[in-house]
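Q: I would like a close look at a single part of this model. Pick one stretch, say what surrounds it, and then set it against the rest of the chain.

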Amino acid sequence: MKVLPVLVAATLVLVAGCAQQQPQQQPPPAAGGEPESSGNYYKDDGPPAVDEIDWRQVAEPVPTFGPLNPGRNRPYEVFGVRYVPFAEYTAYREQGMASWYGRRYH
């Protein structure tokens, strides 16, 4: 009956080994030198920090108009929803929320 104490001791050693916590590594700081946030953006791909850009120095955008390609402005349907692109330039104004696709795309 000396096997039982050996099994109990081996089980305790295995359980104790599993109970040890590994030290957690800190993530490297983002490009701006600040640690990453809660994960809203992938790595350093979020909008620039406010203090990086002096918005008073940024010129207002000026829209430019090129010719519309009638072959590419045909009506189309996606998932049962029909879309009709503009066939000619008309007055159009929209206001609302914009999307941010990351620094790699803006």
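A: Helices and strands here are DSSP runs, numbered from the N terminus; a helix needs at least four residues and a strand at least two. With that in hand, take Gly71 as the way in: this residue lies in the loop between H1 and S1. The model is predicted.

The frame comes first. The protein chain has one helix and two strands. Along the sequence they follow the pattern α-β-β. Helix H1 covers 3-19. Strand S1 spans 76-78 and strand S2 spans 81-83.

Now the loop that holds Gly71. Gly71 has 36% relative accessibility. That value falls between the 20% and 50% limits, so Gly71 counts as partly exposed. Its C-alpha atom is 9.8 Å from that of Ala87, and the two residues are 16 positions apart along the chain.

Leu68 sits in the loop between H1 and S1 too. At 32% relative accessibility, Leu68 is also partly exposed. Setting aside residues up to four places away in sequence, Leu68 touches Asn73, Phe86, Ala87, Glu88 and Tyr89. The C-alpha atoms of Leu68 and Tyr89 are 8.2 Å apart, with their positions 21 residues apart along the chain.

Asn73 belongs to this loop between H1 and S1 as well. Beyond its neighbours within four places, Asn73 contacts Leu68, Pro85 and Phe86. What does the side chain of Asn73 offer to Phe86? A polar atom of the Asn73 side chain lies 2.7 Å from the backbone oxygen of Phe86. Asn73 and Leu68 both touch Phe86.

The aromatic rings add to the picture. A search of the whole structure finds three aromatic pairs. One of them joins Phe65 and Tyr89, with ring centres 5.1 Å apart and 75° between the planes. Planes over 60 degrees apart count as edge-to-face, and this pair is edge-to-face. Phe65 lies in the loop between H1 and S1 and Tyr89 in the segment after S2, so the pair ties together parts that are 24 residues apart in sequence. Are these two residues buried or exposed? Phe65 is exposed, at 63% relative accessibility. Tyr89 is partly exposed, at 45%.

Another aromatic pair is formed by Tyr76 and Tyr83. Their centres are 5.3 Å apart and the planes differ by 20°. The cut-off for stacking is under 30 degrees, so this pair counts as stacked. Tyr76 lies in strand S1. Both partners are partly exposed: Tyr76 at 42% relative accessibility, and Tyr83 at 39%.

Those two tyrosines are also part of a surface feature. Tyr76, Val78, Phe79, Val81 and Tyr83 make a nonpolar patch of about 540 Å². S1 and S2 each supply at least two residues of this patch. Phe79 lies in the loop between S1 and S2. Phe79 counts as exposed, with 84% relative accessibility.

The backbone of Phe79 deserves a check as well. Most residues other than glycine have a negative phi. Phe79 has a positive phi, near 50°.

Next, charge. How many salt bridges does the structure hold? There is one. Arg56 pairs with Asp54, and the closest N and O atoms are 3.0 Å apart. A salt bridge needs that gap to be within 4 Å. Arg56 is exposed, at 75% relative accessibility. Asp54 is partly exposed, at 33%.

Last, the chain-wide numbers. Of the 106 residues, 4% count as buried. The accessible surface comes to about 10,900 Å², and carbon and sulfur atoms hold 58% of that surface. Among contacts with a separation of 6 or more, 43% come from residues 24 or more positions apart.

Back to the loop between H1 and S1, then. Leu68 touches Ala87, Glu88 and Tyr89, among others. Asn73 reaches Pro85 and Phe86, among others. Phe65 pairs with Tyr89 through its ring.

Conventions: Residues are numbered from 1 along each chain as its sequence is written. This is a predicted model: local features need pLDDT of at least 70, side-chain atom pairs count only at pLDDT 80 or more; totals for chains, interfaces and linings use all residues. Side-chain values use heavy atoms; hydrogens and water are left out. A salt bridge is a side-chain nitrogen of Lys or Arg within 4 Å of a carboxyl oxygen of Asp or Glu. Buried means under 20% relative accessible area, exposed over 50%, partly exposed in between (1.4 Å probe, protein chains only). Patches are made of residues with over 30% relative accessible area and no salt bridge: like charges are joined within 9 Å, nonpolar side chains (Val, Leu, Ile, Met, Phe, Trp, Tyr) within 5 Å. Accessible areas come from the Shrake-Rupley method with a 1.4 Å probe; for residues, only the protein chains shown count as cover. Rings of Phe, Tyr and Trp (its six-membered ring) pair if their centres lie within 6.5 Å; planes under 30 degrees apart count as stacked, over 60 as edge-to-face and the rest as tilted. Contact means heavy atoms within 4.5 Å. A polar contact is a pair of N or O atoms within 3.5 Å; within protein, one must be able to donate a hydrogen and the other to accept it, and residues adjacent in sequence count only if both atoms are side-chain atoms.
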